Amino acid sequence: MCVKIVQNSDLRDQFLLNFNAESGIKVDIRSIRRRWAATSQNFDKKRRLFLGKQYGQLCRLIASQNINVVIATINLFTEVHQWNRHNLPGYFEVYLKVPIEELRRIDSKNIYSRFEAGKLSHVVGLDLPFDEPKLADWTIEYNNWRPTKENAQKLLEALSRKYPDDWKL
C-alpha cells in the first residue's frame with residue numbers, strides 16, 4: 001500500500017503520528033533528494049520526472065515487503081501519476097489544492113521570493129508547468145482547510161473506505 005500526499009509533509013507526519021503507524025514508513029523526500037541529486041541543482045521537468053519515478057520505485061520496493069508507505073511529493077506530472085497507479089500496490093493519491101497566491105504568502109523556504117528576484121528557476125506552477133492530478137483519490141481544497149490533525153483523520157477515513165482491510169479506524 002502506498003499513500004502519496006502531494007505537497008504536504010506536515011499532513012504525512014500527522015497522519016503517521018496519530019494513527020497506528022507501526023506497520024508503515026514515511027519517506028522523507030528532502031533527505032532522499034539531497035542524496036540522489038546531490039550533484040545537481042537542476043530540477044527542470046526532465047529531472048523532476050526522473051526523480052518522481054525513482055521515488056515511486058523506492059515506494060514499490062518498500063510496499064512489496066508488506067509495509068505501508070506514506071510519501072509527500074510535488075511531482076505534479078501525468079507521467080508520474082500514471083506510473084504510480086500502474087506500479088504501486090494499493091496506491092492512494094491525496095492532492096492538496098492550494099492557490100499559488102497562498103503558496104507565495106506562506107513561502108517558508110523563500111522559493112517564491114527567490115524566484116521573483118531571479119535567483120531560482122524551475123519552480124512548479126511558475127516557470128515550470130504542472131499537471132493537476134485528475135484521478136486523485138482524495139482532494140483537499142484550500143478554501144476548506146482544516147487543522148492538520150483533522151485532515152489526517154479525514155485521510156484515514158477515506159483510506160478505510162477504499163481499503164477497509166488495510167486501514168482501520
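The protein chain of this predicted model averages a pLDDT of 77. Of its residues, 70% score at least 70. The secondary structure comes to 7 helices and 5 strands. The structure holds 6 salt bridges. Several of them are set out below, along with the pairing of strands β4 and β5.

**Confidence**

- Mean pLDDT varies among the elements of the protein chain. Strand β1, residues 2-6, has the lowest value, at 53.
- Helix α4, residues 78-87, has the highest mean, at 90.

**Overall build**

- Along the sequence, the elements follow the pattern β-α-β-α-α-β-α-β-α-α-β-α.
- The protein chain has 169 residues, and 41% of them count as buried.
- Among contacts with a separation of 6 or more, 72% are between residues 24 or more positions apart.
- The accessible surface of the protein chain is about 9,600 Å². Carbon and sulfur atoms account for 48% of that surface.

**Strands β4 and β5**

- Strands β4 and β5 pair in the parallel sense, over 4 bridges.
- In this pairing, K97 stands opposite E141 in β5.
- The side chains of K97 and E141 also meet in a salt bridge, at 4.0 Å from N to O. K97 lies in strand β4 (residues 92-97) and E141 in strand β5 (residues 138-141), so the salt bridge ties together parts that are 44 residues apart in sequence.
- K97 has a relative accessibility of 30%, so K97 counts as partly exposed.
- E141 is partly exposed too, with a relative accessible area of 34%.
- Side chains alternate along β5. W138 and I140 point to one face and are buried. T139 and E141 point to the other face and are not buried.
- In a regular strand, side chains alternate between the two faces of the sheet.

**Salt bridges of helix α5**

- Side chains of opposite charge can pair when their charged atoms come close.
- R105 forms a salt bridge with E102, with the closest N and O atoms 2.5 Å apart. Both residues lie in helix α5 (residues 100-106). They are 3 residues apart, so about one helical turn separates them.
- The two partners differ in exposure. R105 is exposed, with a relative accessible area of 60%. E102 is buried, at 11%, because buried means under 20% relative accessible area.
- R104 forms a salt bridge with E116, with the closest N and O atoms 3.0 Å apart. The pair links distant parts of the chain: R104 is in helix α5 and E116 is in helix α6 (residues 111-116), 12 residues apart.
- R104 counts as partly exposed, at 35% relative accessibility. E116 is exposed, with a relative accessible area of 52%.

**A salt-bridge network**

- Salt bridges that share partners join R85, D137 and K162 into one network.

**Points to locate in the structure**

- For a parallel strand pair, look at β4 and β5. The K97–E141 salt bridge joins these strands.
- For a salt bridge within one helix, look at R105 and E102 in α5.
- For a salt bridge between helices, look at R104 in α5 and E116 in α6.
- For the buried face of β5, look at W138 and I140.

Notes: Residues are numbered from 1 along each chain as its sequence is written. This is a predicted model: local features need pLDDT of at least 70, side-chain atom pairs count only at pLDDT 80 or more; totals for chains, interfaces and linings use all residues. Side-chain values use heavy atoms; hydrogens and water are left out. pLDDT is the predictor's confidence in each residue, from 0 to 100. Helices (H or I, at least four residues) and strands (E, at least two) are DSSP runs, numbered from the N terminus. Buried means under 20% relative accessible area, exposed over 50%, partly exposed in between (1.4 Å probe, protein chains only). Two strands pair if DSSP finds at least two bridges between them. Contact means heavy atoms within 4.5 Å. Accessible areas come from the Shrake-Rupley method with a 1.4 Å probe; for residues, only the protein chains shown count as cover.
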